Amino acid sequence: MAGNWKMYKTPADTASFFAKFNSLVAAAQHCEILICPPTLDVTTAVEATRGTNVMVGAQNVYPGKEGAFTGEHSGYLLKSAGCTHVIIGHSERRQFFHDSDPEVVFKKTVAALEAGLTPIVCVGEMLAEREGGKTEEILVQQFREGLASLTAEQFAKVVVAYEPVWAIGTGKTATPQIASDAHAVIRKEAAALFGQPAASALRILYGGSVKPDNAKTLMAEKEMNGVLVGGASLDPESFSKIVNY
Ligand code: PEP
């Protein structure tokens with residue numbers, strides 16, 4: 001159960017969040033819990049979650065260990081700061097920061113793996129692509145661009161998030177059937193490239209307007225291995241209800 005805070009919360013807000021959130025999810029043993037705050041809040045989040053069942057991740061990674069890349073953060077820096085995971089190829093990064101360029105998601109995924117981080121690789125179609133009957137094509141294309149050149153050993157460490165762009169931050173959640181069908185497309189492609197056992201073991205999260213009142217229905221789908229939550233992860237009560245669905 002992963003939260004993506006995007007560009008919200010100061011370090012002080014981060015400390016307040018965990019002061020409430022940690023105890024609300026302390027008994028959760030059915031899942032892994034992850035919060036991806038802005039990079040500036042990672043240190044505060046790592047301190048605030050030490051010794052708890054909550055992990056901290058980043059929202060982006062630069063491929064490369066260190067160098068003259070103003071404003072960027074390598075996997076090595078994120079791992080050193082205490083991150084365990086990193087979100088890669090989020091649709092906001094694909095739309096506004098060139099993450100849809102060929103090879104970017106692949107390079108970032110490899111960089112994350114080399115740094116010992118678990119990559120959460122996002123794929124998802126725009127509304128026009130869904131309406132134009134292109135969902136499957138887009139999912140397969142994004143999956144292949146990002147992941148097809150990984151080794152089997154690398155692929156086994158990847159988590160995929162299906163995030164239909166039309167459902168992100170819009171309040172329009174995909175129906176469980178839509179989400180489930182998309183997950184099945186991703187799993188079929190994983191089987192074609194890496195074999196059935198790897199595809200069955202792949203964890204696929206759904207993201208797009210997940211809220212406390214729809215998490216249970218979504219998670220009831222057998223294809224669903226977890227959720228990636230934006231807006232509803234900002235409030236400790238709300239995200240704890242999703243975690244404890
Ligand atoms: C996201 O940012 O990945 C996301 C799914 O956002 P929201 O839950 O707000 O739709």
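The exchange below goes through one helix, the ligand site and a few single residues of a predicted model.

Colleague: How are the residues numbered, and what kind of model is this?

Modeller: Residues are numbered from 1 along each chain as its sequence is written, and side-chain values use heavy atoms, with hydrogens and water left out. The model is predicted, so local features need pLDDT of at least 70 and side-chain atom pairs count only at pLDDT 80 or more, while totals for chains, interfaces and linings use all residues.

Colleague: What makes residues 176-194 a helix, and how does the reach of α9 compare with the expected span?

Modeller: Helices are DSSP runs of H or I with at least four residues, strands are runs of E with at least two, and both are numbered from the N terminus. Helix α9 has 19 residues and reaches 26 Å from its first C-alpha to its last, close to the expected 27 Å, where the expected span is 1.5 Å times one less than the number of residues. Just after α9, Gly195 takes a positive phi of about 95°.

Colleague: Why is Val105 called buried?

Modeller: Buried means under 20% relative accessible area, exposed means over 50%, and partly exposed lies in between, with a 1.4 Å probe and protein chains only. Val105 has a relative accessible area of 6%, and therefore counts as buried. Val105 is found in helix α5 (residues 104-114), and leaving aside residues up to four places away in sequence, Val105 touches Ile88, Gly89, Arg94, Asp99, Val121 and Gly146, a contact being heavy atoms within 4.5 Å.

Colleague: Which elements cover the buried residues of α9?

Modeller: The buried residues of α9 include Ala179, His183, Ile186 and Phe194, and their cover includes β5 (118-123), α7 (135-147) and β7 (203-207).

Colleague: How do you know which residues surround the ligand?

Modeller: A residue is near a molecule or strand if one of its heavy atoms lies within 4 Å of it. For the ligand, 14 residues surround it, and the closest are Lys6, Glu163, Gly169, Ser209 and Gly230.

Colleague: What makes the approach of Gly169 to the ligand a polar contact?

Modeller: A polar contact is a pair of N or O atoms within 3.5 Å; within protein, one must be able to donate a hydrogen and the other to accept it, and residues adjacent in sequence count only if both atoms are side-chain atoms. An oxygen atom of the ligand is 2.6 Å from a polar backbone atom of Gly169, and a ligand oxygen is 2.8 Å from a polar backbone atom of Gly230. A backbone N or O atom of Gly231 lies 2.9 Å from an oxygen atom of the ligand. Taken alone the ligand exposes 290 Å², of which the protein buries 97%, with accessible areas from the Shrake-Rupley method and a 1.4 Å probe; for residues, only the protein chains shown count as cover.

Colleague: Why does Ser209 count as buried, whereas Lys9 is called partly exposed?

Modeller: Ser209 has 9% relative accessibility, and so counts as buried, whereas Lys9, with a relative accessible area of 24%, is partly exposed. The side chain of Ser209 has a polar atom 2.8 Å from the backbone nitrogen of Gly171.

Colleague: What is the phi of Ser209, and what is that of Lys9?

Modeller: Most residues other than glycine have a negative phi. Ser209, although not a glycine, has a positive phi of about 55°, and phi of Lys9 is near 85°, also a positive value in a residue other than glycine.
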